[in-house]
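Trainee: I would like to take a close look at one helix of this model and then see how the parts around it fit together. Could you begin with the residues that the helix hides from the surface and work outwards from there?

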Amino acid sequence: MDYVVGSESPRSFHRWAALGCVAAAMQRKCFMRWGHTTIYPNNYIILVGPSGQTRKGEPVMLARSFAEALQIPLVPEDTSMEKLIRRLRQTATNYEDKDTGTIMIQSSVAGFLEELAVLIGEQNTKFLAYLTNWYDSRDSWTRETKHQGDDDLAGVCFNLVAATAPDWIPYMFTREAIGGGFTSRCLFVVADRKAQIVDDPDRFPINQELKTNLIHDLEHIHAMTGEFVFEPRAKKRYQEWYRHDEENIRKGFPVISDPYFAGYISRRATHVKKISMALAAAQSNRRIISLDHFDRAVRGMLELEKLMPKAFVGVGKPKYIQETDLVMNYIKERGQCTKAEILRNFRRFLDDYTLEAAIKVMMAMDLVSVHREAPSGRITYSVKKGAKW
């Protein structure tokens, strides 16, 4: 985060892109045994922000540059499923599990994509099914082809850090595909504005020494192999967190009530383990998940989850949903504004009728109050005291 102090991109974008870079360096050589399941640190991290307003491509580009410095196998932004499978097969390497001395095989690649839609295309359900299938990093994966024999992959592992705009999500995913499958395995990092305005990047010269040190640390992370475990206090905290989370779900109070995130909610425990492993690897080579690592993973997830529903604002939308969202954000930012002010600022997007519809929705949600001045008739909207946005 010190290295990107002069970036305009949201801090959350850089933080999660960095975590995805650490996971890419770990590959499939690091893992956690959990009952009958083995969990690997690969993630699907999607940065979501309006085009041109969040500089979401820069964090992806920087993370990719660090991965390239380590010569981690990467996938191109525009490729076919057949070429991606071939790329995975070409990356098959042996490594030694230093805990057991066993020689293992992995086919591990990472994608750092400045526009996710270029890779996925338009509602390519088969491609999405493959990516969904690879998330759990199975020991073996086979695809039978009609004319070219079988594609066999050993130890497949796919790690993804990508960016997209909310407008592209309905293009990439069918309404039926959202809520389960691929999207439930994704961490959506949503922001709607830059972190800061930098009118002269020369005020923040690139720290080459820090970059060298970061690459050096990533090389150590890349060399790590073996099992990650919770320290006793962290395991106890995880058990308490998990039971509390499950009880809230049973009572009908999941952390995200949006039905599009029902599948994600069921995978929160897996997400928190993956994040915890990456945080632990970023700090030391002990492969011990401390109480601090786990607490940071949970805090990070909770921050993401506040804004995650905004990723799907354009999917299966009711009438005027985007206009309502636009007006909600405007009133929230200012605390108070007039009807005339909104219509002037958004005359290309709103008419009087649409604004009235949006205000009715916000009043029903108990977010705004409406005041009409006499005798002028001037209408003012203000944030309602105690409103929960």
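Mentor: Let us begin with helix H2, whose buried residues are Gly57, Pro59, Val60, Leu62, Ala63, Arg64, Phe66 and Ala67. Please keep in mind throughout that this is a predicted model. Helix H2 covers residues 57–69, which makes 13 residues, and from its first C-alpha to its last it reaches 19 Å, close to the 18 Å expected at 1.5 Å a residue. After the helix comes Gln71, which has a positive phi near 60°.

What do the buried residues of H2 pack against? Their partners are helix H1 (11–26), the strands E3, E5 and E8, and helix H8 (208–223). Three of these partners, E3, E5 and E8, appear in an open sheet of five strands, whose order is E4-E5-E8-E3-E9 and whose pairing is mixed. At the edges of this sheet stand strand E4 (93–96) and strand E9 (186–190), each of which pairs on one side only. On average, and with direction ignored, neighbouring strands here are turned by 25° against each other. Strands E3 and E9 run parallel and are joined by five bridges, and within this part of the sheet Val48 stands opposite Val190 in E9.

For a single residue in one of these strands, take Ser108, which is found in strand E5 (residues 103–113). Is Ser108 buried or exposed? Its relative accessible area is 4%, and a residue counts as buried under 20%, so Ser108 is buried. If we leave aside the neighbours within four places in sequence, Ser108 is in contact with Gln27, Arg28, Pro73, Thr91 and Cys157.

The strands E3 and E8 also bring us to the aromatic rings, of which the structure holds 24 pairs. One of them is formed by Tyr44 and Phe158, an edge-to-face pair with 6.1 Å from centre to centre and 75° between the planes. Because Tyr44 lies in strand E3 (residues 44–48) and Phe158 in strand E8 (residues 156–164), this pair ties together parts that are 114 residues apart in sequence. Tyr44 and Phe158 are both buried. The two rings also belong to a cluster linked by ring pairs, together with Tyr130, Trp134, Tyr135, Trp141, Phe173 and Phe182. Over the ring of Tyr135, one of the members of this cluster, sits the charged end of Lys274, 4.4 Å from the ring centre. A similar description applies to Trp34, since Lys273 lies over its face at 4.6 Å from the ring centre.

From here we can turn to strand E1 (residues 30–34), which is joined by two bridges to strand E10 (residues 226–227), the two running parallel. In that pairing Cys30 has Gly226 of E10 as its bridge partner. Strand E1 also pairs with strand E2 (residues 37–39), here in the antiparallel sense and over three bridges, and Arg33 has Thr38 of E2 as its bridge partner. The hairpin of E1 and E2 has two residues between the strands, and Gly35 takes a positive phi near 65° there.

Finally, there is another open sheet, this one of three strands in the order E13-E15-E14, with antiparallel pairing. Strand E13 (336–338) and strand E14 (368–372) stand at its edges with a single partner strand each, so one side of each is left without a neighbour in the sheet. From one strand to the next the twist averages 20°. Three bridges connect E13 with strand E15 (residues 379–383), and among the residues involved, Gln336 has Ser382 in E15 as its bridge partner. Helix H13 packs on this sheet and touches E13, E14 and E15, its direction making about 120° with that of E13. Helix H15 (residues 352–364), in turn, lies across E14 and E15 and runs at about 125° to E14.

To return to the starting point, the buried residues of H2 pack against helices H1 and H8 as well as the strands E3, E5 and E8, and these strands sit within the five-strand sheet.

Terms used:
Residues numbered from 1 in each chain as written. Predicted model: local features only at pLDDT ≥ 70, side-chain atom pairs only at ≥ 80, totals over all residues. Heavy atoms only, no water. Helix = DSSP H or I, 4+ residues; strand = E, 2+ residues; numbered from the N terminus. Buried < 20%, exposed > 50% of the residue type's maximum accessible area, 1.4 Å probe, protein only. Contact = heavy atoms within 4.5 Å. Pairing = 2+ DSSP bridges. Phe/Tyr/Trp six-rings, centres within 6.5 Å; stacked < 30°, edge-to-face > 60°. Lys NZ or Arg CZ within 6 Å of the ring centre and 35° of its normal. Axes fitted to C-alpha atoms, helices over the stretch in contact; angles between N-to-C directions. Expected span 1.5 Å × (residues − 1).
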